[in-house]
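This briefing is meant to be read with the sequence and the structure side by side. It takes up the surroundings of the ligands first and then turns to the sheets.

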Amino acid sequence: MKFPGQRKHKHFFPVEARDPRLSELLPDNKPVSGHVCGIDQVLVDIEAHVEPEFLARHGLSRGHSLLLAPERADAIYRELLEQGLIVSEFAGGTIGNTLHNYSVLADDRSVLFGVMSETIRVGTSAYRYLCTTSSRVDLNYLQPVAGSIGQCITLITPDGERSFAINKGMMDRLSPDHLDREQIQSASALVLTAYLMRCEAHEPMADSARQAAEWARQAGVPVVLTMGTRFIVEDRRDWWQQFIRDHVTLVAMNEDEGLALTGEADPLAACDRVLEWADLVLCTAGPAGLYLAGHADEEQLRETSRPLLPGRIPEFNRFEYSRPMRRADCRRPRRIYTHISPYMGGPARIKNTNGAGDAALAALLHDMAANDYHRQNVPGSAKHRARHLTYSSLSQVSKYANRVSFEVLVQHSPRLSRGLPEREDSLEEAYWAGEA
Ligand SMILES: Nc1ncnc2c1ncn2[C@@H]1O[C@H](COP(=O)(O)OP(=O)(O)OP(=O)(O)O)[C@@H](O)[C@H]1O
Ligand SMILES: Nc1nc2c(ncn2[C@@H]2O[C@H](CO)[C@@H](O)[C@H]2O)c(=O)[nH]1
């Protein structure tokens, strides 16, 4: 496990330079390693740049992810191919992206549950998927299927917005028999997406997601839900609120999905509403940066040294130096919030923002897994006197998440091709220092 972010010495992650006395407790002196699990509709992103007229002509809706009949998807694909508009074909899927980015950032293992074509020819989508996924993502648990994985035609319009047209193939055929209970119950987190619930009634994907969430709950493993797009949430707002109450520890959304889920257009107010049902929430807000909100025990609160910020909740960032906890682990729960503007004001030029939100979530997962890793390897550390969800403060995690989103924006691809630079000249020490 590589530690999240640059640290001043006093915050350096201490597992590698271990106290020799610890070897008595853990005789082989090898750090116990953790992992993160996720379920996804295994699909490739076929990216093309088009004018808004193209979307209108094919009956597609801007910013939406639409499931299409195979003939319709084929017609779009053929037109893009004939006009030479396809720029790349890469592994995609919101959870696949998140696990890949987690593995790249943490230099550690993640486990993907989903389907994969049992026969693979060079050049097919399945082949492209395997070629462009980090070797740290464990694909050994994939369920073989006699057919194709999904294809997500990713249409980028000149405003940088992405609209998806999905040819689903067999992506929703993951059956609960192909989940591994042991892997899920020993994970630092289980990551799911709202997209999993839009399979057809006869397909097993939704049951698989519910089964995995139940196993995670039984073992106290945090369940993470990313909201997909606002259209999925809008259709069944009450249903999603109940699902979150029943199963979810951490909700990840953007401000549109936040509005669809809570009725609140203001991201801070939307986060506050989500805290009625979940323990922790990440809300990305495009050029306005991102918000994180959670709970901490009154005894564990730490005040910020930054200026207090105005907003729907005045001075909302007062306790942003606290580490978030599950509400049930707090004797006297208090809500904590933070906001951060885009790293360095955002890139000079953004070609597309596809995957920037997934990247922020990968960073947050990295910090959560680092916390678990530290708890297991440095038992008795003062850091774990209370049960926290992250290793770092809410404020520190928000900086890290923002930094990782920036990297995806400058790469113009939802999947990181490398980790963050070890030393960043442009990153003032103060950016990471000043708090734990
Ligand atoms: N136009 C922008 N200028 C500066 N930073 C941006 C811009 N758009 C996105 N970002 C950065 O990327 C982060 C995530 O962006 P955004 O809210 O667009 O994610 P998203 O809509 O969830 O994306 P996706 O669903 O494609 O993963 C923001 O919190 C911000 O740091
Ligand atoms: N799992 C899943 N991912 C999707 C869907 N539609 C778009 N995406 C992914 O969302 C990612 C950006 O968040 C893209 O890389 C797409 O692959 C869908 O229906 N299911």
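## Ligand surroundings and sheets

Around ligand 1 there are 20 residues, and among these Thr284, Pro342, Gly346, Gly357 and Ser405 come nearest. The model is a predicted one, and the points below describe the shells around its two ligands before they follow its sheets strand by strand.

**The shell around ligand 1**

- At least two residues of this shell come from helix H12 (356-377), and at least two also come from helix H13 (394-411).
- The element that gives the most to the shell around ligand 1 is H12, which supplies four residues.
- Sorted by character, the shell around ligand 1 holds eight nonpolar residues, eleven polar residues and one charged residue.

**The shell around ligand 2**

- Ligand 2 has 19 residues around it, of which Gln41, Ser65, Gly92, Thr94 and Tyr195 come nearest.
- Two or more residues of this shell are given by each of strand S2 (43-49), helix H4 (94-106) and strand S10 (162-167), and the largest share, three residues, belongs to H4.
- Sorted by character, the shell around ligand 2 is made up of seven nonpolar, nine polar and three charged residues.

**The sheet of five strands**

- Five strands form an open sheet with mixed pairing, and their order is S3-S10-S9-S2-S4.
- Strand S3 (65-67) and strand S4 (86-91) each have a single partner strand, so that each stands at an edge of the sheet with one side left without a neighbour.
- From one strand to the next in this five-stranded sheet, the twist averages 20°.
- Strands S2 and S4 run antiparallel and are joined by five bridges, and Val44 stands opposite Ala91 in S4.

**The sheet of nine strands**

- A further open sheet, also of mixed pairing, has nine strands in the order S7-S5-S1-S11-S12-S13-S14-S15-S16.
- The edges of this sheet are taken by strand S7 (137-138) and strand S16 (333-340), and because each of them has a single partner strand, one side of each is left without a neighbour in the sheet.
- Strand S12 (residues 223-226) pairs with strand S13 (residues 250-254) in the parallel sense over three bridges, and Leu225 stands opposite Val251 in S13.

**The annotated stretch**

- An unreviewed UniProt entry lists residues 134-296 under "domain: Carbohydrate kinase PfkB".
- Over residues 134-296 the chain is 33% helix and 26% strand, and the C-alpha atoms at the ends of this stretch are 35 Å apart.

Technical notes: Residues are numbered from 1 along each chain as its sequence is written. Chains are lettered from A and ligands numbered from 1 in the order in which they are written. This is a predicted model: local features need pLDDT of at least 70, side-chain atom pairs count only at pLDDT 80 or more; totals for chains, interfaces and linings use all residues. A residue is near a molecule or strand if its C-beta atom, placed from the backbone, lies within 6 Å of it. Ala, Val, Leu, Ile, Met, Phe, Trp, Tyr, Cys and Pro count as nonpolar, Asp, Glu, Lys and Arg as charged, and the others, Gly among them, as polar. Two strands pair if DSSP finds at least two bridges between them. UniProt positions are given in the numbering used here, feature names are shortened, and annotations may be inferred rather than shown by experiment. Axes are lines fitted to C-alpha atoms, for helices over the stretch in contact, and angles run from 0 to 180 degrees between N-to-C directions.
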